[in-house]
Amino acid sequence: MPKKIPFLDLREQYLSIRDEVTAAIDRVFDRTAFSAGEFVTAFENDFSRYIRVDHVAGVNSGTSALHLCLLALGIKPGDEVIVPANTFIATAWAPCYAGAKPVFADCEPGTWNISPAAIERKISPRTKAVIGVHLYGQPFNISAVKRLCKNHGLFLVEDCAQSHGATYENKVTGVFGDIAAFSFYPGKNLGAYGEAGAVASGNAAYIDHIRMLINQGSRKKYCHETIGYNMRMDGVQAAILSVKLRHLSAWTARRREIARMYRDGIKHPAIRMQQTETGAVPAYHLFVITADDRDDLMSYLNGHGIFPGIHYPLPLHLQKAFEPLGYKRGDFPNAEHLSEHCLSLPMYPELKNEDVEYIIYTLNAY
């Protein structure tokens, strides 16, 4: 009977820090600081120091974080926001929630990140912002996209949902755009034990506005300045995240070591790997390969006790939710090719070297 290697194992990580987590949760209960409060403030300060940005607001999810980024920038109905066609759908929900129109752009064939040339072709008089996604934990071409945004007077939003700890030109992602969104969904490199997210910016006014929006549009209790939301981070998740943040650098180093083993060891001519931008050091939220017959390879791996994932099987422009935008198959060939050929190998810090070597051996024997 072959061994079984799951795509992700959250239990192993939890067991390694269980005592720290339990103590942190106990402190929240002792202080009854369940919604927002001191533990959220402490995490905001910890995370601000980690990514070296002046202002961070903890929120209830990465999806909310993206939505709030656009509201803080003043994106409104009639505006257009350019987003990659190959990303998780929450990236495109953000302009929809703000009443704006998502405009999709294709990815680069090698890095699979949003293409600066594709962005430029999509700019119109209504374009107000670009959301760049650091896909799979690989920073996009920030220099080129920032230059493009500056030349056209556009806001740049960083979607850092998958890039905790990734760097570009020796700076951690989340500090390059006008504003950045983070997800702390449980499976992320820095994951909560529930739903959580954050917004980061060097602009205090953006974060101040977001703090009001997430608190029912209120700065003073029972005084509501605008239509607001209930999007606060809760104290339990914040306390857990503060514990896990202390381990993030070590976990990231281990992810990079596993990625190095994959890159050095996988030699099969039918398998290709994601390229990295010059100046970027990925955080490897995912380690994605492509293969000529992805489904056959996946079946083969499953038969050998290896259970990869697929991120993402259908690009955004072909999702039913976006049918009214009028896109069709063939509009974004690079994103479509990726969706049909990609496979995400097991990638988590607790993965043992012997399991990585077994995965490599099995792939090369395909």
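## Exercises on a predicted model

To begin, I210 touches A57, L68, C69, A72, I179 and V199, once residues up to four places away in sequence are set aside. Keep in mind that the model is predicted.

**Exercise 1.** Find which residues have the most contacts inside the largest nonpolar core, and which helix gives that core its largest share.

*Solution.* Start with the core itself: it has 55 residues. Those with the most contacts inside it are F104, I179 and I210. Next, turn to the helices: α3 (residues 62-72) supplies the largest share, six residues. Finally, look beyond this core, and you will find a second, separate one of 32 residues, with F39, I51, A198 and L248 among them.

**Exercise 2.** Decide whether D355 is buried or exposed, and say what it touches.

*Solution.* First place the residue: D355 belongs to helix α12 (residues 353-364). Its relative accessible area is 14%. Buried means under 20%, so D355 counts as buried. Then list the partners: leaving out neighbours within four places in sequence, D355 contacts K3 and I5.

**Exercise 3.** Work out how many residues of helix α8 are buried, what covers them, and which residue caps the N-terminal end.

*Solution.* Go along α8 (residues 235-245) and count: 11 of its 11 residues are buried. Polar Q237, S242 and K244 are included. Now ask what lies over them: the cover includes α1 (10-31), α2 (38-51) and α9 (248-265). Last, check the N-terminal end, where D234 is the cap, with a side-chain oxygen 3.0 Å from the backbone nitrogen of V236.

Notes:
Residues numbered from 1 in each chain as written. Predicted model: local features only at pLDDT ≥ 70, side-chain atom pairs only at ≥ 80, totals over all residues. Heavy atoms only, no water. Core = buried A, V, L, I, M, F, W, Y, C linked by side-chain atoms within 4.5 Å. Buried < 20%, exposed > 50% of the residue type's maximum accessible area, 1.4 Å probe, protein only. Helix = DSSP H or I, 4+ residues; strand = E, 2+ residues; numbered from the N terminus. Contact = heavy atoms within 4.5 Å. Polar contact = N/O pair within 3.5 Å; in protein donor to acceptor, adjacent residues only side chain to side chain.
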